[in-house]
There are 2 protein chains.
Amino acid sequence: YPGNFAPPPVNDPMLSYFRAIAGQDGEIDSEELQRCLTQTGVSGTYTPFSLETCRIMISMLDVDMTGKMGFNEFKELFAALNGWKQNFMMFDQDRSGTVEPHEMAQAVSSMGYRISPNTLSGIIKRYSKGGRIAFDDYVACCVKLRSLTDAFRRRDAMQQGAVSFQYDDFLQCTMTI
Amino acid sequence: YPGNFAPPPVNDPMLSYFRAIAGQDGEIDSEELQRCLTQTGVSGTYTPFSLETCRIMISMLDVDMTGKMGFNEFKELFAALNGWKQNFMMFDQDRSGTVEPHEMAQAVSSMGYRISPNTLSGIIKRYSKGGRIAFDDYVACCVKLRSLTDAFRRRDAMQQGAVSFQYDDFLQCTMTI
Ligand SMILES: [Ca+2]
Ligand SMILES: [Ca+2]
Ligand SMILES: [Ca+2]
């Protein structure tokens with residue numbers, strides 16, 4: 001059937017970039033992603049982009065649970081990263097290249113999360129170094145906050161702000177992110 | 001009161017080691033801990049010890065929530081690390097220097113956790129690189145598993161295997177580890 005022919009391959013520069021990073025197996029794992037993001041300099045520093053953040057991002061997009069990213073997931077990731085970068089720069093009001101605790105409190109509240117001051121301060125401490133939050137840690141924090149909130153909401157069908165977790169389900173929600 | 005005098009300072013080699021790592025402020029933060037553990041070669045490789053694991057270990061021991069470790073916390077940490085190292089070597093039965101999925105399943109079950117195959121496989125994927133779990137990721141996994149299980153148990157007073165979480169409490173348990 002002529003109608004079954006695939007469309008002619010489009011010369012997509014993103015696709016050759018993806019192939020160069022993915023290598024032989026045609027998929028991007030967390031270490032390949034880390035090398036790629038460190039090279040792009042997206043975090044604005046010369047230190048390696050956090051491997052932990054790469055894992056968190058992959059697990060966010062990895063619907064087929066392979067621990068690796070195909071081309072479509074990779075494109076989604078880049079779009080998301082650009083969004084976070086803009087967002088990060090918006091809240092870095094003194095342009096220090098980092099988000100400080102009071103800037104983070106504004107960011108979190110502008111994203112619509114309602115978190116107690118005590119919990120927020122624990123979260124900020126967890127993702128900061130020397131009192132400042134770098135871009136890669138900012139992304140890790142935002143992704144985890146979103147994933148955990150989504151997981152919570154899916155189980156809070158009545159929107160009561162409380163969820164009953166079985167132990168195994170609790171671990172699945174929290175250990176695999 | 002003579003009885004109030006402090007005991008004469010003992011020449012504790014661990015203390016001078018601690019002071020050298022802690023520097024000016026007399027406390028060890030996650031980056032200082034990472035440098036220290038990378039130098040000790042405890043993970044058996046030349047790659048840097050995971051910063052993420054350092055943060056997780058500090059948050060485990062950091063009862064006063066400063067994000068840093070004092071001398072006593074540091075000593076506790078070293079004792080715990082030695083325990084995990086022995087444990088890790090015990091489950092690395094083929095002495096590959098890494099724990100493979102089937103070895104990890106044995107380790108987790110020997111620690112007394114009862115986790116469904118599906119959740120376990122998600123956890124193993126999350127903490128492995130190329131299908132193998134390195135020592136620093138092993139520690140991160142064990143500490144998180146313990147902290148989350150402890151947090152769950154404390155709320156499961158009736159031992160029913162189910163806990164009702166308020167949203168803020170859920171985030172505090174899961175985002176600050
Ligand atoms: Ca700033
Ligand atoms: Ca402390
Ligand atoms: Ca092994």
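B:K68 is partly exposed in this predicted model, with a relative accessibility of 26%. Its side chain meets that of B:D25 in a salt bridge, with an N to O distance of 2.8 Å. B:K68 sits in the loop between α3 (51-61) and α4 (71-91) of chain B, while B:D25 sits in the loop between α1 (13-22) and α2 (30-40) of that chain, so the contact ties together parts that are 43 residues apart in sequence. B:D25 is also partly exposed, at 41% relative accessibility.

This pair is one of twelve salt bridges found over all chains in a search of the whole structure. Another of them links A:R55 to B:D137, where the closest N and O atoms are 3.0 Å apart. That salt bridge crosses between chains: A:R55 belongs to helix α3 (residues 51-61) of chain A, and B:D137 belongs to helix α7 (residues 135-155) of chain B. A:R55 is buried, with a relative accessibility of 7%. B:D137 is buried too, its relative accessible area being 5%.

B:D137 has a further partner in B:K129, and the side chains of these two residues meet in a salt bridge of 3.6 Å, N to O. B:K129 is partly exposed, at 25% relative accessibility. Through shared partners, the salt bridges join A:R55, B:K129 and B:D137 into one network. Within that network, B:D137 is the residue that pairs with A:R55 and with B:K129.

The cysteines can be taken next. How many disulfides does the structure hold? The count is zero over all chains. A disulfide requires two cysteine sulfur atoms within 2.5 Å, and two residues of chain B serve to illustrate how the cysteines stand against that cut-off. For B:C54, the closest cysteine sulfur is in B:C36, at 8.3 Å, which is too far for a bond. For B:C142, the closest cysteine sulfur is in B:C141, and the separation of 5.7 Å is again too far for a bond.

Are these two cysteines buried or exposed? B:C54 is buried, with a relative accessible area of 0%. B:C142 is likewise buried, with a relative accessible area of 7%. B:C54 and B:C142 are thus buried residues whose sulfurs lie too far from the closest cysteine sulfur for a bond.

How values were computed. Residues are numbered from 1 along each chain as its sequence is written. Chains are lettered from A and ligands numbered from 1 in the order in which they are written. This is a predicted model: local features need pLDDT of at least 70, side-chain atom pairs count only at pLDDT 80 or more; totals for chains, interfaces and linings use all residues. Side-chain values use heavy atoms; hydrogens and water are left out. Buried means under 20% relative accessible area, exposed over 50%, partly exposed in between (1.4 Å probe, protein chains only). A salt bridge is a side-chain nitrogen of Lys or Arg within 4 Å of a carboxyl oxygen of Asp or Glu. Helices (H or I, at least four residues) and strands (E, at least two) are DSSP runs, numbered from the N terminus.
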